[in-house]
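Work through the exercises below with the structure open. Each task is followed by a stepwise solution.

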Amino acid sequence: MESVSAVFAGTALTLFGAALLVWTGARVLHRAPVAHGVSPVASMALTTLFGVVFLALGVWCFTLV
């Protein structure tokens with residue numbers, strides 16, 4: 001039963017992390033703001049960092065299966 005939870009969490013975290021990285025890359029590529037009212041460099045750096053963290057957590061969950 002625990003492997004089902006690990007697969008679900010891994011899938012959710014990996015998809016969210018990948019989507020966040022793709023979205024951030026698209027916004028930066030089109031020179032659009034990633035977050036309104038925040039420094040463009042800070043918002044790009046933080047969203048990239050969190051995208052990588054979520055992606056890594058998702059992969060780590062898959063190693064628990």
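**Exercise 1.** In this predicted model, find how far the backbone oxygen of Pro40 lies from a polar atom of the side chain of Ser43. Then classify Ser43: buried or exposed?

*Solution.*
- Step 1. Take the backbone oxygen of Pro40 and the polar side-chain atom of Ser43; they lie 3.1 Å apart.
- Step 2. Compare with the cut-off: a polar contact needs N or O atoms within 3.5 Å.
- Step 3. Place the residue: Ser43 belongs to helix 2.
- Step 4. Ser43 has 5% relative accessibility, so it counts as buried. The limit for buried is under 20%.

**Exercise 2.** Determine how helix 1 and helix 2 pack: at what angle, and with their axes how far apart?

*Solution.*
- Step 1. Set the ranges: helix 1 covers residues 2–29, and helix 2 covers residues 40–63.
- Step 2. Two packed helices are described by the angle between their axes and the distance between the axes.
- Step 3. Here the angle is about 155° and the axes are 7 Å apart.
- Step 4. Angles over 145 degrees count as roughly antiparallel. Helix 1 and helix 2 are therefore roughly antiparallel to each other.
- Step 5. Add the handedness: helix 1 passes helix 2 in a left-handed crossing.
- Step 6. Sort the contact residues of helix 1 with helix 2: 18 are nonpolar, 9 are polar and none is charged.

**Exercise 3.** Analyse the aromatic pair in the structure. Which geometry do the rings of Phe16 and Phe54 have?

*Solution.*
- Step 1. Count: the structure holds 1 aromatic pair.
- Step 2. The ring centres of Phe16 and Phe54 are 5.0 Å apart, and the planes stand at 85°, so the pair is edge-to-face. The edge-to-face class starts over 60 degrees.
- Step 3. Locate the partners: Phe16 is in helix 1 and Phe54 in helix 2, 38 residues apart, so the pair links distant parts of the chain.
- Step 4. Check accessibility. Phe16, at 45%, counts as partly exposed. Phe54, at 26%, also counts as partly exposed.

**Exercise 4.** Relate sequence separation to spatial distance for Val59 and Thr11.

*Solution.*
- Step 1. Val59 sits in helix 2.
- Step 2. Val59 and Thr11 are 48 residues apart in sequence, yet 8.5 Å apart in space, C-alpha to C-alpha.
- Step 3. Val59 has a relative accessible area of 46%, so it is partly exposed.

**Exercise 5.** Inspect the backbone of Arg31. What is its phi?

*Solution.*
- Step 1. Arg31 lies in the loop between helix 1 and helix 2.
- Step 2. Phi of Arg31 is positive, about 55°, although Arg31 is not a glycine.
- Step 3. With 78% relative accessibility, Arg31 counts as exposed.

Technical notes: Residues are numbered from 1 along each chain as its sequence is written. This is a predicted model: local features need pLDDT of at least 70, side-chain atom pairs count only at pLDDT 80 or more; totals for chains, interfaces and linings use all residues. Side-chain values use heavy atoms; hydrogens and water are left out. Axes are lines fitted to C-alpha atoms, for helices over the stretch in contact, and angles run from 0 to 180 degrees between N-to-C directions. Helices (H or I, at least four residues) and strands (E, at least two) are DSSP runs, numbered from the N terminus. Angles under 35 degrees count as roughly parallel, over 145 as roughly antiparallel, 65 to 115 as roughly perpendicular and the rest as oblique. A crossing is left-handed if the near helix is turned anticlockwise from the far one by less than a right angle, and right-handed if clockwise. Ala, Val, Leu, Ile, Met, Phe, Trp, Tyr, Cys and Pro count as nonpolar, Asp, Glu, Lys and Arg as charged, and the others, Gly among them, as polar. Rings of Phe, Tyr and Trp (its six-membered ring) pair if their centres lie within 6.5 Å; planes under 30 degrees apart count as stacked, over 60 as edge-to-face and the rest as tilted. Buried means under 20% relative accessible area, exposed over 50%, partly exposed in between (1.4 Å probe, protein chains only). A polar contact is a pair of N or O atoms within 3.5 Å; within protein, one must be able to donate a hydrogen and the other to accept it, and residues adjacent in sequence count only if both atoms are side-chain atoms.
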